[in-house]
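Here is a colleague's note, written for someone who is meeting this structure for the first time. Please keep the sequence and the 3D view open while you read the numbered points.

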Amino acid sequence: MVPRVTVTKDAAALIASLKQKFGALIFHQSGGCCDGSSPMCLEKGDLMINETDVWLGEIEGCDFYMSKDQFAYWQHTQIEVRVVAGRGSSFSLEIPSGKRFIISSRMFSEEELSDLSPIHFGEYQS
C-alpha cells in the first residue's frame, strides 16, 4: 500500500528526540492557523481528536491527522514531513529547538490511487 504521509530522515531524527523528551506524540496538519499550514507536533492527548479529523497514517510511530474539510483538498496528494532551520510561530513542540516541521506534497499517480493506505475518521485505535 502507498502511504499517504511520509517523513524525511532529518525529520525522523527530530521526532525521535521529541519522543524521548515528551513521550507519545501526534501530528495534526494545520489548516492555516498560527504557522500557516505547517504540521503541528503535540503530546498525545493535548489535542482533542474527533470525527471531524482524518487519520492519514503514522510517521515514526506518531499518528498523523488533518481536518476532514482540509482532507477534501489534499486527498490526492502524498504529504512528506520535512524539517528546516528556523523558528515557527505555532504551538508545535519542535519550535524551541530552532527547527520547524514543514510539508511538501506531490500528486499520487493513477496507479498509486488504487493502492492507497486506508484512512479513519476520529481517533485511530490500532
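**Notes on strands, cores and charged pairs**

1. A place to begin is the pairing of strand 4 with strand 5, where V54 stands opposite M66 in strand 5. The model is a predicted one, and every point below should be read with that in mind. Strand 4 and strand 5 run in the antiparallel sense and are joined over six bridges. When you follow these strands in the viewer, it helps to recall that in a regular strand the side chains alternate between the two faces of the sheet.

2. The turn between these strands deserves a careful look. The hairpin of strand 4 and strand 5 has two residues between the strands, and E60 takes a positive phi there. That angle is near 50°, and E60 is a residue other than glycine. E60 lies in the loop between strand 4 and strand 5, and with a relative accessibility of 39% this residue counts as partly exposed.

3. Is strand 5 largely enclosed by the rest of the structure, or largely open? Five of its six residues are buried, so strand 5 is largely enclosed by the rest of the structure. Besides its pairing with strand 4, strand 5 also pairs with strand 2, this time in the parallel sense and over three bridges. Within that pairing, I26 has D63 in strand 5 as its bridge partner.

4. The side chain of D63 takes part in a charged pair as well. Side chains of opposite charge can pair when their charged atoms come close. D63 forms a salt bridge with K44, and the closest N and O atoms are 3.8 Å apart. Because D63 lies in strand 5 and K44 in the loop between strand 3 (39-43) and strand 4, the pair ties together parts that are 19 residues apart in sequence. The two partners can be compared by their accessibility: D63 is buried, with a relative accessible area of 6%, whereas K44 is partly exposed, with a relative accessible area of 43%.

5. The count comes to two salt bridges, and the other pair to look for is that of E112 and R106, whose side chains meet with a distance of 2.7 Å from N to O. Here E112 counts as buried at 17% relative accessibility, while R106 is partly exposed, with a relative accessible area of 35%.

6. Turning to the nonpolar interior, the largest nonpolar core has 21 residues, and F27, L56, F64, V81 and F101 are the ones that touch the most other members. Several elements each supply at least two residues of this core, among them helix 1 (9-22), strand 2 (25-29), strand 4 (53-59) and strand 5 (62-67). Strand 6 (77-85) and strand 7 (99-107) also belong to that list. Helix 1 gives the most to this core, with four residues.

7. For a closer view of one core member, choose F64 and display its surroundings. Leaving aside its neighbours within four places in sequence, F64 is in contact with a set of residues that includes V5, F27, P39, W55, L56, I79 and V81. A second, separate core of six residues includes I26, M40, I49 and Y65.

8. There is also an open sheet of three strands, in the order 1-6-7 and with mixed pairing. Which strands stand at its edges? They are strand 1 (5-7) and strand 7, each with a single partner strand, so one side of each is left without a neighbour in the sheet. The twist averages 30° from one strand to the next. Strand 1 and strand 6 run parallel and are joined by three bridges, and T6 stands opposite E80 in strand 6.

9. A last point concerns the cysteines, for which the count comes to zero disulfides. C41 is in no disulfide, and the nearest cysteine sulfur, that of C62, is 6.2 Å away. Why is there no bond between C62 and C41? A disulfide needs the two sulfur atoms within 2.5 Å, and the 6.2 Å from the sulfur of C62 to that of C41 is therefore too far for a bond. Both positions can be checked for burial in the viewer: C41 is buried, with a relative accessible area of 0%, and C62 is buried, with a relative accessible area of 0%.

Key
Residues are numbered from 1 along each chain as its sequence is written. This is a predicted model: local features need pLDDT of at least 70, side-chain atom pairs count only at pLDDT 80 or more; totals for chains, interfaces and linings use all residues. Side-chain values use heavy atoms; hydrogens and water are left out. Buried means under 20% relative accessible area, exposed over 50%, partly exposed in between (1.4 Å probe, protein chains only). A nonpolar core is a set of buried Ala, Val, Leu, Ile, Met, Phe, Trp, Tyr and Cys residues joined through side-chain atoms within 4.5 Å. Contact means heavy atoms within 4.5 Å. Two strands pair if DSSP finds at least two bridges between them. Axes are lines fitted to C-alpha atoms, for helices over the stretch in contact, and angles run from 0 to 180 degrees between N-to-C directions. A salt bridge is a side-chain nitrogen of Lys or Arg within 4 Å of a carboxyl oxygen of Asp or Glu.
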